[in-house]
Amino acid sequence: MIAELSLFVSRRPTVICLKCGVSIPQGSMLLAEDEKKRGLCAHCAEIKGLQLLPPGDAAMTRRSKKYSSRTVVVQEWNNKRKRYERLGQFVEPQAIIQAKTECESDESDREAKNAKAAVKRRIEDREYRARFAVEIRNLFPSMPDGRETAIAEHACEKYSGRVGRTAAAKEFDEEMITRAVVAHIRHTETNYDNEFGKGKRKREIREEIRPEISLMLRRWKRERI
Ligand SMILES: [Zn+2]
C-alpha cells in the first residue's frame, strides 16, 4: 500500500523539492509521507483546482473525501499538545458541493442520531460511576458513608475523557481504585492543601502526610463490624 501523502506546514529550516528543486522555507507547505521525509513543494503537489475544506465537520470530511478523486490532508504540528492537528483537507470543489447536498438532506437524521448517542453516553457515564463507587466500597468497606460516591465522581471528572468510552470492568483494578482513594484522603483527611505556599516542595509535603494516609487506608480497608 502506498502511504498517504499529507501537506505539512514545514518546521524544517529549508527542504529541497524532490521534483523542481526549489527550496521550501520553514512555514511553507511540504507534501510528504511524513514531515521528516523529503517531499514536494506546494506547486508540485498539484493542489491547484482543489478546494480546502476546513476541519470540524466529520460528515463533511468523510463525504467530501468519498466524492473526490483526490484528497490531500493538511497537518500542522502543535507544539503545546505534542501532536499533529488537521487544518483541513484539499478536495475537488464538486465533492464539497455533493457532500453538502447530502449533509443537508439528512441533517435532521444525523442530529437525531447524535442526540441519541449523547443520551447513551450519559447513561453509560452514570452506570460507570455507580459501578466504580461499588468497587471502591468493596475494597474499602469501612470508609465513611457516601465517600465512595464522592471519590467516584471526582475520579470520573478527572478522567472524563475516558469515562463511558472505556467502561470496562478491567478499568477498576485495585491499584486504580487505591490511587483515587489516596487522592481523596489527601485532600479531605490531611492538611495537604494547607501546606502549600510555605516554601515546601510538593514531594516533601506528600512525604510528610504519607503515614497518615497509610493509616487511613488500613482503617478503611478493615471489614466493617
Ligand atoms: Zn516543486
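Which residues of the largest nonpolar core touch the most other members? In this predicted model, they are Leu7, Met29, Leu30, Leu31 and Ala45, from a core of 19 residues. Several elements give two or more residues to this core, namely β1 (6-9), β4 (29-32), β5 (40-41), β7, β8 and α2 (93-105). The largest share, four residues, comes from β4. A look at Leu31 helps to picture the packing: leaving aside residues up to four places away in sequence, Leu31 touches Leu5, Leu7, Gly39, Leu40 and Ala45. Apart from the largest core lies another one, of 15 residues, and its members include Tyr128, Met143, Ala180 and Ile185. As a helpful background point, nonpolar side chains in soluble globular proteins tend to be buried together.

The strands can be followed next, starting with β8 (residues 83-91). Strand β7 (residues 72-78) pairs with β8 in the antiparallel sense over seven bridges, and within this pairing Asn78 stands opposite Arg83 in β8. The two strands form a hairpin, with four residues between them. One residue to look for in the turn is Lys82, which has a positive phi of about 55 degrees. Strand β8 also pairs with strand β6 (residues 51-53), again in the antiparallel sense, here over three bridges. In β8, Val91 is the residue that stands opposite Gln51.

Stepping back to the whole chain, the domain assignment gives domain 1 (6-105) and domain 2 (108-221). Taken over C-alpha atoms, the centres of domain 1 and domain 2 are separated by 41 Å.

Terms used: Residues numbered from 1 in each chain as written. Predicted model: local features only at pLDDT ≥ 70, side-chain atom pairs only at ≥ 80, totals over all residues. Pairing = 2+ DSSP bridges. Domains from an automatic or database assignment. Core = buried A, V, L, I, M, F, W, Y, C linked by C-beta atoms within 7 Å. Buried ≥ 20, exposed ≤ 12 C-beta atoms within 10 Å, placed from the backbone. Contact = placed C-beta atoms within 7 Å.
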